[in-house]
Amino acid sequence: MSDFRKLKDRIAVVGVGNTSYGNFPHTDDYGLGAEAFRRAIADCGLDKNKVDGLGVCRLPYYARMGEILGLAPRWTVQFPPHGRMSAMAIIEAAAALEAGLCDYAALIYANIGRSRRVNYGGEESPGVWDPFGFTSPGAAHALMFQRHRALYGTTTRQLAEVSVAFRHHAGLNPDAVMKQPITIDDHEAARPITEPLRLLDYCLINDGAVCLILTTKERARDLKQQPVLISGFGAREAYRQSSIANFDLNFWYDEVRDVAAQTYGMAGVGPQDVDALMCYDNFSPTVLFSLEGLGFCGQGESGSFVEGGTLRLGGKLPTNTDGGHLSCSYMQGWALNVEAVRQIRGQCGERQVKDAEVVQFVAATPCSRSIIYTPG
Amino acid sequence: MSTPKPRPHIDTISQGFWDAAREGRLTVQRCDDCAHQHYPGTPVCPNCLSDKQSWAPVSGRGTLLSWVRFHRAYWDGFRDELPYNVILVGLEEGPLMLSNLIGAEPEALKIGDPLQVSFEAMDEATTLPKFRPA
Ligand SMILES: [Zn+2]
């Protein structure tokens, strides 16, 4: 009889790499992915020919990526180009490493949505609600936030705290795309996209790539960097309302509660121990929903919880210290996991959280996931 | 290049729903074996996996669960209607539907207010179930 919690502190992230973020029409997905991999290999000092596990996400063809990098793995997984895949892939890789399906796993994510002019709605993603004019993940989050407002009195000024805090962090991150500081009033005055959400509630669309290299704790000792251990994780899907994509009538509360119980239980810590949170933020409301599900506050209390700079560096719960999807880069959770690793290593410069020892990633989505990272 | 408003995607499962709508009847898919009701249609019942299901008429009554207002046209066909509303309706019988509010602006309503279906013809082939305050 096996138990996923046996994976506690067994697997380490040993190498991380990312490209710069922006608009790169001169290259393609593979070029970006190769650059991120090259940097992650340099980061950990591993002979790249020892990489025998390959997971790719948002890249067109795993075999072409493998050819470009000169890899002959014995474990390959291709993840669909959905934002929720980052922690799913990391957990899959951890299980594969523990089972001995591979010794060193490289996970590569590349996004060239900016240069391709991706819209994330309309004819690109036909759906059952199109005749009524309903489309796009942002609109699903607008539906949820409108309901959260009505049920709990959450305000758009409270929601603005999320975007304002992350933009502040982006200003401290040389890699971030959007560095110009914003205020709550700027958020309130921004162009509405799908009301009640405005431009500053929406993630960026930019090009870039991210790579993480994982191995077992024992093998990690022979590499260049301090290992960062995966100490806890949890998972729960909510498929029952999937015909309205990216939507849940109860804000994925029950699922994230379940994920929190699994993750904190496995790691042996609680919300009060978390030094920094990396929160999937395709749209700002999901940060509020994540905070409630993880138990940083009660359901319906996230609006007042984030008031007054709670999520900023120096605040009670520094969150998305790289600027997140809203202001750093739309790397769909992948860059946030890299940021978690760098915070544990103490490599974050001006945006470093002092003595960060417990850093948590969370994604409240139809496939909710969380991972807790600690120093090895 | 101008694109028209998107039309419903009609297949062997959804055909019954759109046929009924054209006749002014709102339906949801009901399992012949366990009576589970859901929308949109599915090839098997999500509750018991039966492949015997029918489009069953519902009351047309529901409540407003949420709403949004689009300020961006993802299809050219909606450009002239910006900013337009989309509402989330909880049908009395359980299933959720997205639609448009007619006969009022959603700002004038509260979450939980009662709604009633009201059919609006797109053209001869297609009628959309919309909702107005009850
Ligand atoms: Zn059934």
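Which residues is B:Leu88 in contact with, leaving aside its neighbours within four places in sequence? The legends below, which describe close-up views of a predicted model, begin with that residue.

**Figure 1. Surroundings of B:Leu88 in strand S5 of chain B.** B:Leu88 belongs to strand S5, which covers residues 84-91 of chain B, and with a relative accessibility of 0% B:Leu88 counts as buried. Once its neighbours within four places in sequence are left aside, B:Leu88 is in contact with A:Leu143, A:Ile244, A:Phe247 and A:Leu249 from chain A, and with B:Thr63, B:Leu64, B:Leu65, B:Ser66, B:Leu96, B:Met97 and B:Leu98 from chain B. B:Val68 stands 20 residues from B:Leu88 in sequence, while the C-alpha atoms of B:Leu88 and B:Val68 are 8.7 Å apart in space.

**Figure 2. The open sheet of three strands in chain B.** The strands follow the order S2-S1-S3 with antiparallel pairing, and the edge positions are taken by strand S2 (37-38) and strand S3 (53-57) of chain B, each of which pairs on one side only. Strand S1 of chain B, made of residues 27-31, runs antiparallel to S3(B) and is joined to S3(B) by five bridges; one of the residues to follow here is B:Arg30, whose bridge partner in S3(B) is B:Ser54.

**Figure 3. The open sheet of nine strands in chain A.** In this sheet of mixed pairing the strands are ordered S3-S2-S4-S6-S1-S7-S10-S9-S8. Strand S3 (75-79) and S8 of chain A each have a single partner strand, so one side of each is left without a neighbour in the sheet. With direction ignored, neighbouring strands of this sheet are turned against each other by 25° on average. Strand S1 (residues 11-18) and strand S7 (residues 228-237) of chain A run antiparallel and are joined by two bridges, with A:Val13 standing opposite A:Val228 in S7(A). Helix H2 (residues 62-69) of chain A packs on the sheet, where it touches strand S2 (53-57), S3 and strand S4 (104-111) of chain A, and the direction of H2 makes about 125° with that of S2(A). Helix H9 (residues 253-267) of chain A lies across S7, S9 and strand S10 (367-375) of chain A, and runs at about 155° to S7(A).

**Figure 4. Edge strand S8 of chain A and its partner S9(A).** Strand S8 (residues 276-279) of chain A runs parallel to strand S9 (residues 359-363) of chain A, and four bridges join S8(A) to S9(A). Within this pair, A:Ala276 stands opposite A:Val359 in S9(A). From S8(A), A:Ala276 and A:Met278 point one way, whereas A:Leu277 and A:Cys279 point the other way, and all are buried.

**Figure 5. Packing of helices H6 and H10 in chain A.** Helix H6 (residues 156-170) and helix H10 (residues 285-294) of chain A pack with their axes 8 Å apart, at an angle of about 100°, which makes H6(A) roughly perpendicular to H10(A). The contact brings A:Leu159, A:Val162 and A:Phe166 of H6(A) to A:Pro285, A:Val287 and A:Leu288 of H10(A), and by class it has six nonpolar, no polar and no charged residues.

**Figure 6. The cysteines A:Cys44 and A:Cys211.** Over all chains, a search of the whole structure finds zero disulfides. For A:Cys44, which is in no disulfide, the nearest cysteine sulfur is that of A:Cys211, at 8.3 Å, and A:Cys211 is likewise in no disulfide. A:Cys44 is buried, with a relative accessible area of 0%, and A:Cys211 is also buried, with a relative accessible area of 0%.

Terms used:
Residues are numbered from 1 along each chain as its sequence is written. Chains are lettered from A and ligands numbered from 1 in the order in which they are written. This is a predicted model: local features need pLDDT of at least 70, side-chain atom pairs count only at pLDDT 80 or more; totals for chains, interfaces and linings use all residues. Side-chain values use heavy atoms; hydrogens and water are left out. A disulfide is a pair of cysteine sulfur atoms within 2.5 Å. Buried means under 20% relative accessible area, exposed over 50%, partly exposed in between (1.4 Å probe, protein chains only). Two strands pair if DSSP finds at least two bridges between them. Axes are lines fitted to C-alpha atoms, for helices over the stretch in contact, and angles run from 0 to 180 degrees between N-to-C directions. Angles under 35 degrees count as roughly parallel, over 145 as roughly antiparallel, 65 to 115 as roughly perpendicular and the rest as oblique. Contact means heavy atoms within 4.5 Å. Ala, Val, Leu, Ile, Met, Phe, Trp, Tyr, Cys and Pro count as nonpolar, Asp, Glu, Lys and Arg as charged, and the others, Gly among them, as polar.
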